[in-house]
Amino acid sequence: MNLQDLRNALPDYAKDLKLNLDSVLSETGAAGLDAKQIRVIALACAIAARHAPLVAGIEGFAAEQLSPEEMNGARAAAAIMAMNNIYYRATHLIHNDEYGTMRAGLRMNVMSSPGVDKMTFELASLAVSAINGCGACMDSHERTLRQHDVSAQGVQSALKIAAVVHAVAVTLEQSAA
């Protein structure tokens, strides 16, 4: 299924999601982001949302403007955040500050050369962290983005993409059940 087919598969009660999906995946609806950033963020979020048909649909949409290396950059953001969000959310939520002082010892080499520019990777990592509910990671990525002059609108747009893509995944999964 392509992205349009998936959009059309959304039930009538999710009309707002249809409208929001069209909006957040466009440059006019995702202020502060360019077309490539939108696609990287959307693909990373679809992977994090774990709905295979949506991943496939967004892969098709992303491939319209992304190179294979950039596609892998989106996949890398989803993969590394799947690990980091669990670890850092847990060490943040456990009421023992000792864990925050310990070296994680987890390999994160992909962050040095992710296949996309650093700020796009940070935006995708922020969005995936929002889906996975890791406040510590969201704070870290947002701080880095703002220090590198990514606008508040750009950050908000990445979060809106995460919210809508995740909601579409949940709704499609439930309507298929």
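In this predicted model, helix H5 carries a kink of about 30°, and the bend is centred on methionine 81. Helix H5 runs from residue 68 to residue 93 and has 26 residues. At 1.5 Å a residue a span of 38 Å is expected, and the C-alpha atoms at the two ends are 37 Å apart, so the two values agree.

Met81 itself belongs to the buried residues of H5, which also include Glu70, Met71, Gly73, Ala74, Ala76, Ala77, Ala78 and Ile80. Further along the helix, Asn84, Asn85 and Thr91 are buried as well. The packing partners of these buried residues are helix H3 (35–49), helix H4 (52–63), helix H6 (98–101), helix H7 (118–132) and helix H8 (135–147).

Two of the buried H5 positions, Asn84 and Asn85, recur in the surroundings of the annotated cysteines. The unreviewed UniProt entry lists Cys134 and Cys137 under "active site". Cysteine 134 sits in the loop that joins H7 and H8, whereas cysteine 137 is part of helix H8. The relative accessible area of cysteine 134 is 0%, so this residue is buried. Cysteine 137, with a relative accessibility of 6%, also counts as buried because the cut-off is 20%. When residues up to four places away in sequence are set aside, cysteine 134 touches Asn85, Tyr88, Arg89 and Ser129. With sequence neighbours within four places likewise left out, cysteine 137 is in contact with Asn84, Asn85, Tyr88 and Ser129. Asn85, Tyr88 and Ser129 thus appear in the contacts of both cysteines.

The same unreviewed UniProt entry type gives a domain annotation, "Carboxymuconolactone decarboxylase-like", for residues 98–171. This span is 70% helix and 0% strand, and its end C-alpha atoms lie 40 Å apart.

Nonpolar side chains tend to be buried together in soluble globular proteins. The largest nonpolar core of the model holds 53 residues, and the members that touch the most others are Leu25, Ile41, Leu54, Ile58, Ile161 and Val168. Two or more residues come from each of H1, H2, H3, H4, H5, H7 and helix H9 (152–176). The greatest contribution is that of H3, with 10 residues. For isoleucine 41, the contacts beyond four places in sequence are Leu33, Leu123, Ala124, Ala127, Ala158 and Ile161.

Valine 40 is located in helix H3. Valine 40 has a relative accessible area of 2%, and is therefore buried. Apart from neighbours within four places in sequence, valine 40 is in contact with Leu66, Glu70, Ala74, Val116, Thr120 and Ala124. Among these contacts, Glu70 and Ala74 are buried residues of H5, and Ala124 is also a contact of isoleucine 41. Valine 40 and serine 67 are 27 residues apart along the chain, and their C-alpha atoms are separated by 11 Å.

Alanine 14 occupies the loop between helix H1 (3–9) and helix H2 (15–24). Although placed in a loop, alanine 14 is buried, with a relative accessible area of 5%. A separation of 36 Å is found between the C-alpha atoms of alanine 14 and histidine 148, which are 134 residues apart along the chain.

Technical notes
Residues numbered from 1 in each chain as written. Predicted model: local features only at pLDDT ≥ 70, side-chain atom pairs only at ≥ 80, totals over all residues. Heavy atoms only, no water. Helix = DSSP H or I, 4+ residues; strand = E, 2+ residues; numbered from the N terminus. Expected span 1.5 Å × (residues − 1). Bend = angle between axes of the 7 residues up to and from the residue. Buried < 20%, exposed > 50% of the residue type's maximum accessible area, 1.4 Å probe, protein only. Contact = heavy atoms within 4.5 Å. UniProt positions renumbered as here; feature names shortened; annotations may be inferred. Core = buried A, V, L, I, M, F, W, Y, C linked by side-chain atoms within 4.5 Å.
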